[in-house]
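Let's walk through this one from the ligands outward. Have the model open alongside and follow along.

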Amino acid sequence: MLEQINSPDDLKKLKNNEIKILAEDIRRFLVDSVSKTGGHLASNLGVVELTLALHTVFNTLEDKIVWDVGHQSYVHKILTDRKPQFHTIRQYKGISGFPKRYESPHDHFDTGHSSTSISAALGLASARDLNKDKYAVVAVIGDGALTGGMAFEALNHAGQSKKNLIVILNDNEMSISENVGGLSNYLNKIRTNTVYSKVKGDVENLITSIPAIGKTVIKTAGKAKDCIKYLFVPGALFEELGFKYIGPIDGHNYSEICKVLKSCKNIPGPILLHVMTQKGKGYALAEKFPDKFHGVNPFKIETGKPISSNKNITYSEVAGNTLVACAEKDKRVVAITAAMPGGTGLSPFAKRFPERFFDVGIAEQHAVTFAAGMAVSGYKPCFAVYSTFLQRAYDQVVHDVCLQNLPVIFLIDRAGLVGNDGETHHGSFDISFLSPVPNLTIMSPKNGWELEKMIEFAMQHHGPVAIRYPRGSAITMENSIKNPIALGKSEILYEGGNDAFIIAVGHMNAYALKICEELKEKSIGSTLCNFRFIKPMDETMLIKQVKNHKKVYVIEDNAKIGGVGSQIQALLNNYRILKEVNTIGLPDAFIEHGDVNTLYQLYGLSIEEIVNRITEDFASKNFKNIRIR
Ligand SMILES: Cc1ncc(C[n+]2csc(CCOP(=O)(O)OP(=O)(O)O)c2C)c(N)n1
Ligand SMILES: CC(=O)[C@@H](O)[C@H](O)COP(=O)(O)O
Ligand SMILES: [Mg+2]
């Protein structure tokens, strides 16, 4: 059936039983395709009927759907002309795993970070009204994404705005892990109460339908009506904010969703349509383990096991295990996540110390200020967070933690390039945005061992500490020099001559060591400095080594603007040391998706590219050894 669908218009020709077959085909296609490419599977399996219904009722060339996070937009992509390219999803030069306006006229807003959809949709609806246009605007937001502060801010605004706007709450009772918090409990009450699910009218209808209360209640007890409304009317919370709440409805019943969506089109004002779906639907393993199949590497369909299994410990696991060890020794250690216990390696901590573990939902801003509150009270909070999501909480880092010099530890996972998730998810900016913040100590480990030692160091430090490390396996360096971590001190990893002074940040040291060896073969002598502390910098070492070398190189997986290279250049300028610092880092651009090695090659960060660049510099006839004062 899927072969017959070349555009959303083709859906309108299908009968109900054909839609059922189509839904099955789409699920098969998704499992087959994602098992080869990797990607977000379970969320997409859950929204097949919902997406089919949306494309039946709306015309997405005009009507605007905003997919929150956007990881569940695969079915939408398949239905909107991207089926032929679907095998390229998340691969370099392939289609993105998230909605992209550049990719299709059916995509109306780019997403990747959670909880933005209602704000964006309200913006679209407000612009539509100013322009006197007529299109519909729909935000599709998950129950996890609804826990994000922005979603509440937008509901608050949208409810009062009275704009025609449909918010579809796709409730599958899961974030990546189990959803958490009071709102999740509230949705659960709506779902599980049979009165709620049977009665979809307004409060009068509801009350008259309960014989024990009856019509007299309505006549005689206006105030009581409000109380009863809170008890019985599903979605009263949303109603009070100014939304018309509809639901909950079965998100796998295509014709019911179509019917409700059609009537939503004719109801004025903001509507919240509560749709219940099952994450992973149709693929037994994903139904059983929706968290494991949220985002997957290529896997075998029969077993669900990854095709290439990498047994090496990841940086996230090192961080999580180290926190457990620290917490065993010190009762003040607490761990915080914003809905990413698995990804950040905190699951063992959650299991071992449930009372000292806090999953705050997708609420990075809250997580940081919550950590500040605990720190003020004598605890040692560790917030493990992906670099890209910490962007959300910048003001909280500055205003609530660093201004008060509180001993909060930021374990910044997924720093640098993350690969296939692409531009919304790379951790390209954390050095640039954290470095100017007073009181903050910033470190980056060269390998797993050093991450462990840095966390132990941070536990003893008085003041906020950020430790940034990349996605994936922790490097184990043979013969690594295990100097203890000392505040503001870097480590010389290689001494082989005075031509190039190479400063490497974090895991780039592994590359840099090989680079030094290759340069040696080309008769270029070098020294390698593992720049453990991005802040405070090891100024004494820097000045000494810079003066002793002909050229200076900084290798970092952060934006060059505001990165370590630019900071070292500024430092040398301050000391009137006239030396050019050559930074090998990320350009002033949003980096596309693709595997990390391809991207390193593309942006000059691969070993080969760096060796070539340094070799060319030293071969250049124009090369002058600038004398240093
Ligand atoms: C600001 C931010 N924090 C964390 C994430 C990581 N993340 C992506 S999807 C997701 C769970 C979303 O749950 P839900 O909205 O219910 O969607 P579902 O996958 O269940 O359909 C999380 C935590 C993110 N994308 N953005
Ligand atoms: C959509 C989203 O934001 C997450 O699912 C993210 O893709 C997880 O990334 P990792 O695979 O690096 O944990
Ligand atoms: Mg969910």
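## Around ligand 2

In this predicted model, ligand 2 is surrounded by His40, Val69, His71, Ile176, His294, Gly295, Gly343, Arg414, Val418, Asp421 and Arg471. Sort that shell by character and you get three nonpolar, five polar and three charged residues.

Which domains supply this shell? Domain 1 (2-199 + 234-288) and domain 2 (315-468) each put in at least three residues.

## Around ligand 1

Now for ligand 1, which has 23 residues around it. Ser43, Ser114, Gly142, Gly144 and Ala145 are the closest of them. The shell breaks down into nine nonpolar, ten polar and four charged residues.

So where does ligand 1 lie with respect to the domains? It sits between domain 1 (2-199 + 234-288) and domain 2 (315-468), because both of them give residues to its shell.

## What UniProt marks

An unreviewed UniProt entry carries the annotation "binding site" at His71, Gly112, His113, Ser114, Gly144, Ala145, Asn172, Tyr283 and Glu364. Those positions are spread over 294 residues of sequence, and they're spread in space too, with up to 31.8 Å between C-alpha atoms. Some of these names have already come up: His71 is part of the shell around ligand 2, while Ser114, Gly144 and Ala145 are among the closest residues to ligand 1.

The unreviewed entry also places a "binding site" feature at Asp143 and Asn172. This pair spans 30 residues of sequence, yet it clusters in space, the largest C-alpha distance being 6.9 Å.

## A look at Asp143 and Asn172

To find Asp143, go to the loop that runs between strand E2 (137-142) and helix H6 (149-161). Is Asp143 buried or exposed? It counts as buried, because 23 C-beta neighbours fall inside 10 Å. Setting aside residues within four places in sequence, Asp143 has contacts with Leu169, Asp171, Asn172, Glu173, Asn179, Ser184 and Leu187.

Asn172 is also a loop residue, found between strand E3 (165-171) and helix H7 (182-192). With 23 C-beta neighbours inside 10 Å, Asn172 counts as buried. Not counting residues up to four places away in sequence, Asn172 touches Gly46, Gly142, Asp143, Thr277, Gln278 and Lys279. Gly142 is worth picking out of that list, since you've met it as one of the closest residues to ligand 1.

## And Tyr283

Tyr283 is another position in the "binding site" annotation. Look for it in the loop between strand E5 (270-276) and helix H14 (284-288).

Why does Tyr283 count as buried? There are 20 other C-beta atoms within 10 Å of Tyr283, and 20 or more is what it takes to be called buried. Apart from neighbours within four places in sequence, Tyr283 makes contact with Arg27, Val31 and Leu45.

## Domains and how they meet

Stepping back, the protein splits into domain 1 (2-199 + 234-288), domain 2 (315-468) and domain 3 (491-619). The centres of domain 2 and domain 3, taken over C-alpha atoms, are 26 Å apart.

How many residues make up the contact between domain 2 and domain 3? On the domain 2 side there are 22, in contact with 28 residues of domain 3. Helix H20 (430-434) and strand E10 (441-443) are the elements that give two or more residues to the domain 2 side. That side divides into seven nonpolar, ten polar and five charged residues.

## The whole protein

Overall, you're looking at 26 helices and 17 strands. The C-alpha trace spans about 90 × 60 × 50 Å along its principal axes. A compact globule of 629 residues would have a radius of gyration near 25 Å, and the protein's 27 Å agrees with that.

As for packing, 51% of the 629 residues count as buried. Take the contacts between residues at least 6 apart in sequence, and 75% of them join residues at least 24 apart.

Methods. Residues are numbered from 1 along each chain as its sequence is written. Chains are lettered from A and ligands numbered from 1 in the order in which they are written. This is a predicted model: local features need pLDDT of at least 70, side-chain atom pairs count only at pLDDT 80 or more; totals for chains, interfaces and linings use all residues. A residue is near a molecule or strand if its C-beta atom, placed from the backbone, lies within 6 Å of it. Ala, Val, Leu, Ile, Met, Phe, Trp, Tyr, Cys and Pro count as nonpolar, Asp, Glu, Lys and Arg as charged, and the others, Gly among them, as polar. Domain bounds come from an automatic or database domain assignment. UniProt positions are given in the numbering used here, feature names are shortened, and annotations may be inferred rather than shown by experiment. Helices (H or I, at least four residues) and strands (E, at least two) are DSSP runs, numbered from the N terminus. A residue is buried if 20 or more other C-beta atoms lie within 10 Å of its own, exposed if 12 or fewer, and partly exposed in between; C-beta atoms are placed from the backbone. Two residues are in contact if their C-beta atoms, placed from the backbone, lie within 7 Å. The radius of gyration is taken over C-alpha atoms; the globule rule is 2.2 Å times the number of residues to the power 0.38.
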